[in-house]
Structure formats: C-alpha cells, structure tokens
Amino acid sequence: MGRIRLLSDELINQIAAGEVVERPASVVKELAENAVDAQATSVRVQLAEGGLSAITIIDDGFGMSRDDARLCLERHATSKLADADGLFQIVTKGFRGEAIPSIASVSRFSLTTSEPGAAVGTRVVVEGGSAASIEDAAPLAGTRIDVLDLFFNVPARRKFLKRESTELTHCEEAVVRLALAHPKVSFSLEHGGRRLISSAATDDLRERIAELLGGEALPHLLAIDERRLGVSVTGFIASPEFTLPTARGLYTFVNRRYVRDRGVNSAVQRAFQDSLPPGRQPVTAIFIDLDPRAVDVNVHPQKLEVRFSDPRSIQEALSAAIGRALKAAPWRQNAGQPLPEAVHAQYAMAVDRFLARASETPGAFLEPVPLPSAEATRAPFGTARPQLNDDPPPGYFGALRFKGDLGRRFWLCEGPGGTLVVVDPFAVEERLALQSLVDRHRAGEVTEAGLFSTTVSLGPDEAAAVLARASSFARLGLELDDFGQGSLAIRRAPPELSGGAVDFTALLRELVPLVPVELTDDDQLMDALGVMAHRAVSTTWRAPSHDEVHARLAALDGTDFLLRPRRQRVVVHELPLLELESRSGESPRSR
Ligand SMILES: Nc1ncnc2c1ncn2[C@@H]1O[C@H](COP(=O)(O)OP(=O)(O)O)[C@@H](O)[C@H]1O
Ligand SMILES: [Mg+2]
C-alpha cells in the first residue's frame with residue numbers, strides 16, 4: 001500500500017492558516033483589508049480580550065451575494081484576480097483568496113453580508129473549518145465578520161500567543177497601518193467597549209497622522225513630494241527633532257500597502273543618516289506609488305515585502321524626496337545655536353527618554369496600553385507619579401518654575417522637592433477648554449443665536465444620524481438646522497468652538513458615534529465634551545509664548561482634574577531627580 005495520502009481540505013486550510021494567521025492582529029489586518037478592498041467608507045473593529053476571545057469587523061462596503069458569501073470560504077476563491085496577467089498588476093490588498101478560509105479553519109467564524117439594496121442578507125457560520133451553514137439574515141448594507149475563540153482547535157498555536165495587552169497592541173498597530181494608508185476611510189477600534197482609535201474620514205493626511213501617531217508629531221511634520229517618471233514619493237516625515245529609539249515610527253507604503261521592506265527602509269534611513277543623532281530612528285509616513293506592474297507584491301505570505309523591477313529608481317526617488325524636505329526644514333536654520341542654558345544636559349537626557357516613551361504610546365492618553373513585559377517590571381522613567389494627573393495637589397502648577405521649552409513642544413519646569421516637571425502645553429489648553437465647556441454646561445448657559453453660524457455638508461445618512469441626535473447636540477451647546485440634502489447649519493456653538501477655524505464636519509463625525517440619541521449619561525457627556533475641547537484646541541494650537549506660561553499654569557490649578565473624558569492626554573510628568581542621578585552614568589541614547 002502506498003504511503004502518500006492527499007490532505008483533507010480542513011488540514012490544508014489549517015496549514016495555510018499557519019502562514020496567514022499568526023495572531024489576532026493578522027485576522028484584524030486581513031479582514032480590515034477586505035473591507036477596504038470592498039470600498040467601505042467606514043471600518044469598525046471590536047475586540048474582546050486582545051482579540052483572543054472575539055474579533056468583530058463591520059464595514060459598509062459593497063457586500064456579497066449569497067453565492068459569493070458561500071464561495072469566499074473556499075480556498076483560492078477571490079474576486080480580485082482573474083488570470084495570471086492580473087497577478088502582475090495588483091491594485092487590491094488581497095488577491096490570493098486565502099484569508100477567509102484560513103481564519104474560518106481556526107476559529108468559530110460567522111459572516112453576515114448583503115449587497116446594497118438587497119431585501120435579505122446572508123449569514124454563514126463555520127466552526128473550525130467544518131461545513132458551512134447558510135441562512136437568511138437581516139440586510140446590513142455591508143459585511144460583518146465575527147471571529148470567536150481564535151485557535152480554539154489548534155492548542156499548539158494558542159500557546160504561542162502573548163498576553164492580552166501585547167496582542168491588543170499588535171491589533172492596534174494593524175489598524176494604524178491601514179488607517180494611515182486610507183485617510184478617506186473612517187476607522188475605529190474598540191476593546192472591551194473602550195474606544196482606542198476613532199479616526200474620522202479626512203482629506204488631510206497630517207490630521208490622520210497626528211491622530212494615530214500622537215499630536216506631538218504634528219508641529220514637526222514636513223511634507224515630501226517627489227514625482228518622477230513612473231514613481232511618486234509623497235507623505236510626511238518628522239523633522240530630526242522628533243525621533244524614536246526604534247524603527248517603529250517608520251511607516252512606508254507601496255501602492256497604499258504597508259510594507260516592512262529592508263530595501264525601502266534602509267533607503268529611508270540612509271536619507272536621514274547625516275541628520276539624526278546616532279541610535280535614533282526617523283518617524284515617517286511615506287507613500288511610494290508606482291505602476292502596479294513595476295512591483296511584485298506576491299513574494300511574502302503576509303505581503304510585507306515587495307520586489308521592485310527597478311529598485312534603484314525607487315531608492316533615488318526616496319532619497320531625493322527626503323533630502324529636499326530636510327534641507328528646507330526650518331530647524332536647519334537654527335541648528336548651530338546652543339540650547340537655552342536652563343536646559344541642563346541631564347534635563348535634556350531625561351526629556352529625550354520621556355519623549356521617546358510618550359511617542360511610543362499612540363496618543364499618549366491616560367490609561368496607556370501596558371508596556372511590554374520586560375519594561376513593565378521597572379517603573380517607566382518619566383511616569384514616576386502618573387497619579388499626579390488624576391489628582392494634583394492644590395496650587396501645584398502655579399508653583400512650578402518654568403525653565404524653558406523643548407522642541408517647541410514641552411515645557412520644562414522645576415517642581416517641588418527638586419523634581420523636573422515636564423508639561424504638555426497642548427494638553428494644558430485642552431484641559432482649560434474642557435473646563436470652560438463643562439462650566440458652561442453646568443451653568444446651563446446658552447450662547448446667543450446669530451452671533452455665529454456655519455454650514456457643513458455631510459452625506460445624507462450622516463446628516464440624518466446627526467439630526468436624530470439634535471437634542472443631544474443641543475445639550476452640548478451645538479444647535480443645528482436641517483438645510484436638506486445632507487447640509488446642516490450650525491446656529492449656535494459654545495464660544496470655545498466658534499473662533500472660525502474649527503472643522504465642524506470632522507467634529508460632528510467624531511461626535512456621532514459617541515453621542516446617543518438621548519444624551520443622559522454623564523460619562524458620555526464628558527466624552528463628548530472632551531472631543532469638543534480637543535477640536536477647539538487642535539485647529540488653532542500654537543505653543544503659548546514664554547511670558548504666557550505662568551498664567552496658563554496658574555489657570556490649570558483652577559481646573560477640576562476629576563473631569564475625565566475618555567480621550568485625555570497626559571498633562572504632566574514628574575521626574576524625580578534622584579532617579580536622574582542614578583542614571584546619569586548611562587548614555588542618553590542607550591535605550
Ligand atoms: N468585507 C468584504 N466585503 C465584500 N466582499 C468580501 C469581504 N471580505 C471578503 N470578501 C470577498 O471574499 C473574497 C475572499 O476573501 P479573502 O479570503 O480575504 O481573499 P482575497 O482578499 O485575497 O480575495 C474576496 O475576494 C471578496 O470577493
Ligand atoms: Mg483578503
């Protein structure tokens with residue numbers, strides 16, 4: 001009897017899953033990419049336990065017919081590739097038809113989908129690659145996929161997963177990569193009901209970068225734009241004042257696909273070489289766009305690497321684009337000047353470390369995602385007293401002695417008991433704006449009509465969603481009128497927002513998912529006011545001048561730190577000097 005047997009489909013899929021589905025983040029990546037391929041304008045990701053117990057992805061893309069919903073579970077079933085020629089001109093994220101059958105073979109999988117206008121939708125359920133059961137479902141104008149208990153039937157794989165917080169960080173990263181490449185699609189990520197990413201559709205890539213990589217980067221972003229025959233290199237790089245100790249802020253995309261390609265990344269690093277301090281890495285979001293026939297994306301199971309037909313021309317375009325932006329960067333002009341004397345060498349070192357950490361936590365909000373295990377054992381430098389942000393002692397800020405600023409982005413102060421205190425002036429303005437919005441709300445103050453009016457145009461569905469919440473918006477001080485066809489007039493807005501520069505379209509889009517039709521819950525109210533405060537400040541933000549600093553700090557003492565919207569920045573970090581001394585032997589770049 002022969003020894004050779006054909007593998008069962010179930011086993012084939014599980015083997016393929018080994019390549020495509022490594023961890024919850026791979027599921028998030030594959031399914032969110034499918035949503036983008038399906039031309040969704042909104043992609044919502046919900047996770048439980050870091051994606052280990054549940055991953056749900058909901059999109060409003062073009063959905064699938066019943067036949068397609070059945071077929072997509074078959075191996076090598078794809079709508080994105082018809083023939084071998086197609087393989088050399090891929091414009092979609094997917095093309096191999098592997099992800100869905102692979103994921104379904106290692107989870108309890110269900111897919112609900114309908115095409116636009118369909119009277120009835122389809123639900124397909126598969127348990128660990130078993131035969132699919134198919135039934136009618138309510139139409140949902142898009143697709144929803146639920147992946148429960150990943151690897152429940154492959155215990156060996158499950159063992160390799162890291163703890164919840166690590167898996168969550170990877171899932172977040174998957175969303176960040178896709179969201180950077182598609183600013184016109186709105187993305188959200190929730191974990192256990194808590195919203196971690198909420199990024200409204202925007203035409204402004206800078207806005208998206210700031211949202212995903214942290215507003216700290218914003219003042220440092222330099223546009224790059226190099227168009228040559230057959231290739232364009234566009235996007236943003238952070239100027240050399242804003243760097244990280246690792247390459248994790250280095251985002252590169254080829255035809256809108258995130259890649260981690262050695263050739264591309266080393267070209268980027270080389271272009272920065274003379275500008276960065278040793279051991280530091282640039283922060284970039286670079287888009288290389290070229291004829292899909294000039295790049296092979298089919299060389300890596302997760303499509304993270306690519307092969308260019310002419311790698312030299314790509315490297316040259318990259319180095320020209322980056323070189324030009326760096327040369328024109330404003331920082332060069334004062335590069336020779338010494339730092340203000342007050343910025344003691346040790347302070348500079350401490351703040352350097354702090355900056356690196358602050359920017360490694362996307363957005364640097366309170367309740368940060370726990371740090372990876374090795375770091376967690378030792379108290380992270382610069383967050384010696386994180387609870388300071390929850391409950392600063394009375395008069396704390398007014399008593400700080402301002403020493404200078406760093407990178408036009410942080411205030412350095414001398415604090416009580418010989419501490420170095422680093423304050424984020426953007427967070428200060430946000431707190432002050434929040435406080436005045438809350439005060440106004442509590443006093444039941446209404447702004448005068450007629451003083452302010454602006455119109456916004458939304459999609460008809462969005463406008464309807466906003467109008468359905470009109471009474472909730474009124475509680476927030478935003479009074480709206482329907483102009484029809486998706487246009488709304490904003491008749492009244494709190495003065496914090498009526499300075500003229502606020503992007504109300506973005507604000508309304510951001511508020512809709514946070515604000516219920518009847519806004520009664522205090523936490524929801526606080527979250528909404530937090531978003532308004534953020535918007536009020538972010539559009540007009542500039543660092544206050546040095547003689548304004550003390551007044552701002554003193555004003556901060558009058559705010560109530562018990563107000564805690566979900567999106568909240570860390571205002572202050574206090575660095576005990578004792579710790580500075582114990583570390584002063586280390587090289588500042590050793591991390
Ligand atoms: N969210 C979605 N909306 C519409 N169609 C989808 C969606 N997800 C998957 N599909 C369909 O299922 C097919 C198989 O998906 P997948 O297994 O990820 O392979 P690929 O993306 O490589 O084609 C896709 O080609 C597409 O036609
Ligand atoms: Mg796919």
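**Exercise 1. Work out whether Gln-39 is buried or exposed, and place it in the chain.**

Step 1: Gln-39 has a relative accessible area of 60%, so Gln-39 counts as exposed (over 50%; buried is under 20%, partly exposed in between, with a 1.4 Å probe and protein chains only).
Step 2: Look along the chain, and you'll find Gln-39 in the loop between α2 (24-37) and β1 (42-48). Helices (H or I, at least four residues) and strands (E, at least two) are DSSP runs, numbered from the N terminus.
Step 3: Check the backbone: Gln-39 isn't a glycine, yet its phi is positive, about 60°.

A quick note on the model: it's predicted, so local features need pLDDT of at least 70 and side-chain atom pairs pLDDT 80 or more, while totals for chains, interfaces and linings use all residues. Residues are numbered from 1 along each chain as its sequence is written, chains are lettered from A and ligands numbered from 1 in the order written, and side-chain values use heavy atoms, without hydrogens and water.

**Exercise 2. Do the same for Asp-149: where does it sit, and how exposed is it?**

Step 1: Asp-149 lies in the loop between β6 (142-148) and α6 (155-160).
Step 2: With a relative accessible area of 26%, Asp-149 is partly exposed.
Step 3: Asp-149 has a positive phi too, about 50°, although it is not a glycine.

**Exercise 3. Find out how exposed Leu-7 is, and where it sits.**

Step 1: Leu-7 is in the segment before α1 (9-20).
Step 2: Its relative accessibility is 46%, so Leu-7 counts as partly exposed.
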